[in-house]
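Please work through the exercises below with the sequence and the model side by side, attempting each task before reading its solution.

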Amino acid sequence: MIVMPRFFVDGQPENGLLTLHGENAHHAGRVLRLRPGEAVTLCDGQGTDYDCTIESVEKDAVACRVQDSHPAGTEPRQRLTLFMALPKGDKMDVIVQKAVKLGVREIVPYLSKNCVSRPDKTEKKVERWQKIAVEAAKQCGRGYLPTVGAVIPLEQAVVQAAQSKTALFFYENERQTGLRDALSAGVGETVSLLIGPEGGFTPEEAGQAVQAGLTSVSLGTRILRCETAPIAALAALLYAGGNM
Ligand code: SAH
């Protein structure tokens, strides 16, 4: 398979044309030295890919003629949402990057009792994570631009997470139900994963999550770090959902 140069674009084709501007135009024209007649794939970030042929290359505008459009072929079959407790330091940067590359559609950071990091202002952090998400999505050829939500309290996170067809609460003290047991009936088309902070969950919080409708599951008998757990959980879910 030939991998085409790939760009995210805003908006819909006009008169059969999509145009790359700014950084995208620079990258296409100057860095990749693409020329009229060459093929590129443009993606709207909402699940649609456009197969295009370059029509003209200018410094700030690369016009691309749309030949065909189809659903992006790079998305997982399930819509995955990761609810992630705020970790210490820069760990969230890596979590966002890896989770996006594995295929999550949305990351929702939340605060629980044992979160050590409790920043007053989180808007700037969310902005930074959103940028990391976009970069990661570009690098791995996603068909959707994943979003990073505002930081919310756990109480709200469990209610939102429970709305997915498969809603999983990854609990380090779960001894009965393994992830495989929880998925024995298959993986729903919407999946939420809720992962705790370094300090784990309190028994009250675990009770709250189950009360809200989440299934408490174990990732095995070893305790994983809060940056490892989402990666392991996502990989297992992608496998179970027929994406690997
Ligand atoms: N400090 C806690 C561990 C927290 S690990 C303790 O020692 O018990 C951080 C988070 O990763 C947990 O809250 C959970 O969401 C997830 N996690 C790590 N290992 C897990 C496991 N074996 N099963 C399920 N979830 C796990």
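**Exercise 1: The sheet**

Strand S4 (residues 48-57) and strand S5 (residues 61-71) run antiparallel and are joined by nine bridges, where strands are DSSP runs of E of at least two residues, numbered from the N terminus, and two strands pair if DSSP finds at least two bridges between them. This is a predicted model, in which local features need pLDDT of at least 70, side-chain atom pairs count only at pLDDT 80 or more, and totals for chains, interfaces and linings use all residues. Residues are numbered from 1 along each chain as its sequence is written, and side-chain values use heavy atoms, with hydrogens and water left out.

Task: starting from S4 and S5, establish the order of the strands in the open sheet.

Solution. Step 1: follow the connection between S4 and S5, which form a hairpin with three residues between them; across this pair, Asp 49 stands opposite His 70 and Tyr 50 stands opposite Ser 69.

Step 2: turn to the pairing of S4 with strand S3 (residues 39-43), which is antiparallel over five bridges and places Leu 42 opposite Tyr 50. The hairpin of S3 and S4 has four residues between the strands, and Gly 45 there takes a positive phi near 75°.

Step 3: assemble the open sheet of five strands, whose order is S1-S3-S4-S5-S2 with mixed pairing. Strand S1 (6-8) and strand S2 (17-21) are the edge strands, each pairing on one side only, and the twist averages 40° from one strand to the next.

**Exercise 2: A helix and a distant pair**

Task: find which strands helix H1 lies across, and which residues Lys 91 contacts beyond its neighbours within four places in sequence.

Solution. Step 1: locate helix H1 (residues 22-31), which lies across S1, S2, S4 and S5 and runs at about 95° to S2; such angles run from 0 to 180 degrees between N-to-C directions, with axes fitted to C-alpha atoms, for helices over the stretch in contact.

Step 2: find Lys 91 in helix H2 (residues 91-102). With its neighbours within four places left aside, Lys 91 is in contact (heavy atoms within 4.5 Å) with Glu 198, Arg 225, Cys 226 and Glu 227. Lys 91 and Glu 227 are 136 residues apart in sequence, yet 6.7 Å apart from C-alpha to C-alpha.

**Exercise 3: The ligand**

Task: identify which N or O atoms of Glu 172, Gly 196 and Leu 219 lie close to ligand atoms, using polar contacts (pairs of N or O atoms within 3.5 Å).

Solution. Step 1: take the side chain of Glu 172, where an N or O atom is 2.7 Å from an oxygen atom of the ligand.

Step 2: take the backbone, where a polar atom of Gly 196 is 2.9 Å from an oxygen atom of the ligand, while an N or O atom of Leu 219 lies 2.8 Å from a ligand nitrogen atom.

Technical notes:
Polar contact = N/O pair within 3.5 Å; in protein donor to acceptor, adjacent residues only side chain to side chain.
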